[in-house]
Amino acid sequence: ALAALDILDSSEGQKRLSKLRSNASLLRKELAKAFDGDALLSVVGTNIEVDLEDDLDVPFVLLEGASSKTLDAIIDAAYASGYAVSLATPPADDAAPALPPLKNKPLALRVTTTADHDAADVKGLVAALAKASAKASA
């Protein structure tokens, strides 16, 4: 853990963290534009008044609103386009027995970025997801 903190404190670590934040912000903005409520999928949290910049340190976004079969088709189409997304599944209630029971959460896609991606990667991913979602809803 201390080694990871040392990396983050370094100049290179700060550059990577800045790049990650930039990519996370771009991902949120591009997904919000692509899935603006008319689409099969919606970005989780967009119905809440919140500044998208507040989530800079969270490099993933959840897209919900489709059945498991449709989400699987979108995942397959995105993968065929060269992008990997995954099905976000909530932990089982028995995974943490000391916690109160979890509310059922809808199925969603977890869309993630890293510091190694560039703007073209992020925009390409969003375009592939929009295309796959449009095809799945047709």
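Accessible areas here come from the Shrake-Rupley method with a 1.4 Å probe. By that method, the accessible surface of the protein comes to about 8,800 Å². Carbon and sulfur atoms hold 57% of that surface. Keep in mind on this tour that the model is predicted.

**Stop 1: the whole chain.** Show the cartoon. You should find 4 helices and 4 strands. Follow the chain from the N terminus, and the elements run α-α-β-β-α-β-β-α. Of the 138 residues, 25% count as buried. Now think about contacts with a separation of 6 or more: 74% of them join residues 24 or more positions apart.

**Stop 2: the sheet.** Select the strands. They form an open sheet in the order E1-E2-E4-E3, with antiparallel pairing. Colour E1 (42-43) and E3 (86-88): these strands stand at the edges. Each has a single partner strand, so one side of each is left without a neighbour in the sheet.

**Stop 3: E2 and E4.** Select residues 60-64 for E2 and residues 108-112 for E4. This pair is antiparallel and is held over 5 bridges. Show Leu-62 and look across to E4, where Arg-110 stands opposite.

**Stop 4: a helix over the sheet.** Add residues 68-80, which make up helix H3. H3 lies across E3 and E4. Its angle to E4 is about 25 degrees.

**Stop 5: the core.** In soluble globular proteins, nonpolar side chains tend to be buried together. Here, the largest nonpolar core has 21 residues. Select Leu-27, Leu-31, Leu-41, Leu-63, Leu-109, Val-111 and Leu-129, the members that touch the most others. Helix H2 (11-34), E2, H3, E4 and helix H4 (119-137) each supply at least two residues of this core. Which element gives the largest share? H4 does, with 5 residues.

**Stop 6: Leu-109.** Centre the view on this residue and show what surrounds it. Neighbours within four places in sequence are left aside here. Leu-109 contacts Val-61, Leu-62 and Leu-63, among others. Its further contacts include Leu-71, Ile-74 and Ile-75. Ser-86, Ala-88, Leu-41 and Leu-129 are also on the list.

**Stop 7: Glu-30.** Move to helix H2, where Glu-30 has its place. Is Glu-30 buried or exposed? Its relative accessibility is 15%, and buried means under 20%, so Glu-30 counts as buried. Show its side chain together with that of Lys-33: a polar contact of 3.1 Å joins the two. Then add Lys-123 and Val-126. Glu-30 touches both, not counting residues up to four places away in sequence.

Definitions and conventions
Residues are numbered from 1 along each chain as its sequence is written. This is a predicted model: local features need pLDDT of at least 70, side-chain atom pairs count only at pLDDT 80 or more; totals for chains, interfaces and linings use all residues. Side-chain values use heavy atoms; hydrogens and water are left out. Two strands pair if DSSP finds at least two bridges between them. Contact means heavy atoms within 4.5 Å. Axes are lines fitted to C-alpha atoms, for helices over the stretch in contact, and angles run from 0 to 180 degrees between N-to-C directions. A nonpolar core is a set of buried Ala, Val, Leu, Ile, Met, Phe, Trp, Tyr and Cys residues joined through side-chain atoms within 4.5 Å. Buried means under 20% relative accessible area, exposed over 50%, partly exposed in between (1.4 Å probe, protein chains only). A polar contact is a pair of N or O atoms within 3.5 Å; within protein, one must be able to donate a hydrogen and the other to accept it, and residues adjacent in sequence count only if both atoms are side-chain atoms.
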